[in-house]
Amino acid sequence: MRVAVFFSGRGSNFENIVKMLHKKEVDGMQIEICAALCNKKEALGIKLSERLGIPCTLLESSNFENREAFDTALVNFVRANSVDLVVLAGFMRILTPIFTSAVKAVNIHPSLLPQFKGANAIEKTFESGAKIGGVTAHWVNDELDGGEIIDQKSVPILSGDTLQTYETRIHEAEYILYPQAIVKALKTLSDKA
Ligand code: GRF
C-alpha cells in the first residue's frame, strides 16, 4: 500500500509515521511511505524529509489562483505517484470536493471530535475548562474535521497542567493513535480492493 504524507509545519507526526510504518509489513500489507508533499516553503518538515529519505514535493498553495487549482494539482500528484492513501499530518488547508471526491485521505485532529473543530483545537480545549481532551483520527470529506471517525484517544487535563504540558501529552497520544488508525484505514481499503 502506497502512502503519501501531506504537511505544512514541523512534521513530527510525519517523522513518527515513517518510523512506525515505512517499509513495514502490517496485517498482511506491505506499507511504503512513497512520497511527501508540503505547501509551505519555510516548513521544518522539508529538511526532515531529506533526513528520512522520503522524496518531498513543495507545492506552494500561495502560488495558485484559487483552492480549486491547488486541489487539482494535489489530485494530479496523488495519481502520478499511484498513492493508495493520503495521510494529512498538520496540513493546514481546507480541501474542496475536487480533492475529497477523488482521493482517499485521513487526518489527525488534536481534540475529541466533534468538539473543537478547526484551528487551535489544543488551546480551545485547554481554555474550555474541560477535564478531558484528546485526539481523533478520521477520514477526510468536504466538511472540515467532519469525516467519519476512525479512532480516538482521550488525554486528561490535569490540575497542574500548563498549555505546554497538555500539548506535549496530546502529541504523545497522536504518535500512538495515528499509525494504528492509518493501518486500520489501509486495511479497509485493501479489503475493498
Ligand atoms: C498536530 O497536532 C495535528 O494534530 C494537527 O497539526 C499538528 C501537526 O504537528 N493536525 P506536526 O507538524 O506533526 O508536528
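**Helix α1 and its neighbours**

In α1, the residues that are buried, meaning under 20% relative accessible area with a 1.4 Å probe and protein chains only, are Ser12, Asn13, Phe14, Asn16, Ile17, Val18 and Leu21. I should say early that this is a predicted model, in which local features need pLDDT of at least 70 and side-chain atom pairs count only at pLDDT 80 or more, while totals for chains, interfaces and linings use all residues. Residues are numbered from 1 along each chain as its sequence is written, and side-chain values use heavy atoms, with hydrogens and water left out.

Helix α1 covers residues 12–21, and 7 of its 10 residues are buried; helices here are DSSP runs of H or I with at least four residues, strands are E runs with at least two, and both are numbered from the N terminus. Just after α1, lysine 23 has a positive phi of about 60°.

Let me turn to the partner helix, α6. The axes of α1 and α6, which are lines fitted to C-alpha atoms over the stretch in contact, with angles running from 0 to 180 degrees between N-to-C directions, come within 10 Å and cross at roughly 55°. The two helices are therefore oblique to each other, a word used for angles that are not under 35 degrees, over 145, or 65 to 115.

Where they meet, with contact defined as heavy atoms within 4.5 Å, Ser12, Asn13, Asn16, Ile17, Met20 and Leu21 in α1 touch Glu174, Tyr175, Tyr178, Pro179, Ile182 and Val183 in α6. Finally, leaving aside neighbours within four places in sequence, valine 87 is in contact with residues including Ile17, Tyr178 and Ile182.

Methods. Buried < 20%, exposed > 50% of the residue type's maximum accessible area, 1.4 Å probe, protein only.
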